[in-house]
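User: I have a new structure open and don't know where to begin. Can you walk me through it?

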Amino acid sequence: MTDSRIPTARLGETGPEVGVQGLGCMGMSFAYGPVDAEASRATLERALELGITLYDTADAYGRGENEKFLSPFFKAHRDEVVIATKFALSIPPDDPTRRIIRNDPPYIRQAVEASLKRLDVDAIDLYYMHRRDVNVPIEESVGTMAELVREGKVKHLGLSEVTAAELRAAQAVHPIAAVQSEWSLFSRDIEAQVVPAARELGVTLVPYSPLGRGFLTGSFTNADKDLTADDFRRQQPRFTGDNAAANAALLEPVRTVAEAHGVSLGQIALAWVQQQTTVHDLPVIPIPGTRKPSRVEENAAATGIELTKEELELLEPIAGQVAGDRYADMRFSSAGRE
Ligand SMILES: NC(=O)c1ccc[n+]([C@@H]2O[C@H](COP(=O)([O-])OP(=O)(O)OC[C@H]3O[C@@H](n4cnc5c(N)ncnc54)[C@H](OP(=O)(O)O)[C@@H]3O)[C@@H](O)[C@H]2O)c1
């Protein structure tokens, strides 16, 4: 693609203007098989040239390794990038399939200091609660997050995988700039309650896994056969066994639309997510993850694709037909608490 920059959108009512597509950086250090630091660094630089300014990480990604990896890039471009990181999740070294969730104030304070240190910056632009610990009132956690804003450690607040009720309770304590939740052609449960609440409250939606963790690109069809033993997607019910075969067949309408536009399946998946901005009348800034400069170009180019009403209708039934949940334990998602 040419070097024209992608359009922009605002993070919440008072947050910064960012490229309408961000970059998910998780896979650069964690979860999706072998890492490639050199290609990842080139991807970061190429993304910025294309106008991608929102970069997504978390303290849990590689137990801090992802934040450390990104730090030199962030520091080299501090005024151009918007740094989003998260707290709440940790993965015990002796059991990589387990997740520990904490939202209590002392934990949040300890987590923000550790992230600031690893990132080696004075402030985090967007600080998310990665998951809800239902044992801590959300008002208490967001109250602590708001203190971090007042202290200048954090600029804006976000929540990931929250219910509409949790979002409303949080917003009553401090403005929430963004909700980050899974949203794609395969995962649409947030449309029922979370998206309407976000629109009403002026909160931007940041869809994660907009490419269905890569499945919607057709780059793998069965996690057991196609991905390495340590790949997180082998723990996800929809990408394995009979479910994977059934779900691969659901890509046919995506392929039809892609052929009509002369683009890739992934670009149609991204165009669909992006177009939810007009469907639901709220800012939507997906954060596809990639470690390859050519793919970041391809993904950024999807911001220029517009799907017709007929194409949207053709894609409409897909999510309702997906076999298998997003997570092995759906308590890990907001849908599990609604
Ligand atoms: N809040 C949360 O709980 C949560 C959960 C998951 C993810 N996230 C965030 O959301 C970001 C994006 O989600 P995700 O990485 O899970 O899923 P995704 O963006 O749906 O898909 C990423 C996968 O697709 C591949 N891919 C990317 N562009 C491609 C292209 N043009 N053609 C073919 N394959 C392509 C990537 O491989 P390569 O890297 O090899 O290109 C990677 O395996 C993450 O990086 C992370 O920052 C947040």
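Analyst: We can go from the fold to the ligand. Keep in mind that this is a predicted model.

User: OK, how many helices and strands does the protein chain have?

Analyst: There are 13 helices and 11 strands in the protein chain.

User: And what does the C-alpha trace span along its principal axes?

Analyst: About 50 × 40 × 40 Å. The radius of gyration is 19 Å, which agrees with a compact globule, because 338 residues packed that way would give a value near 20 Å.

User: Switching to the ligand. Where does it sit?

Analyst: The ligand occupies the largest pocket. Around it are 30 residues, and the closest are Tyr 32, Asp 56, Leu 211, Thr 290 and Lys 292.

User: How do the shell residues divide into nonpolar, polar and charged?

Analyst: The shell has 9 nonpolar, 12 polar and 9 charged residues.

User: Which helix gives the largest share of that shell?

Analyst: Helix H11, residues 293–301, with 3 residues.

User: What about side chains with polar atoms by the ligand's oxygen atoms?

Analyst: Arg 291 has a polar side-chain atom 2.9 Å from a ligand oxygen. For Arg 295, an N or O atom of the side chain is 2.8 Å from an oxygen atom of the ligand.

User: And which side chain has an N or O atom 3.0 Å from a ligand nitrogen?

Analyst: That is Gln 180.

User: How much of the ligand does the protein bury?

Analyst: The protein buries 96% of the 900 Å² that the ligand exposes when taken alone.

Definitions and conventions:
Residues numbered from 1 in each chain as written. Predicted model: local features only at pLDDT ≥ 70, side-chain atom pairs only at ≥ 80, totals over all residues. Heavy atoms only, no water. Near = heavy atom within 4 Å. Polar contact = N/O pair within 3.5 Å; in protein donor to acceptor, adjacent residues only side chain to side chain. Areas by Shrake-Rupley, 256 points an atom, 1.4 Å probe, with all protein chains shown as cover. 1 Å grid on protein atoms, 1.4 Å probe; cavity = no way out; pocket = protein on both sides within 12 Å on 5 of 7 lines; lining within 4 Å. Sits in = over half its atoms within 2 Å of the grid points. Helix = DSSP H or I, 4+ residues; strand = E, 2+ residues; numbered from the N terminus. Nonpolar A, V, L, I, M, F, W, Y, C, P; charged D, E, K, R; others polar. Rg over C-alpha atoms; globule rule 2.2 N^0.38 Å.
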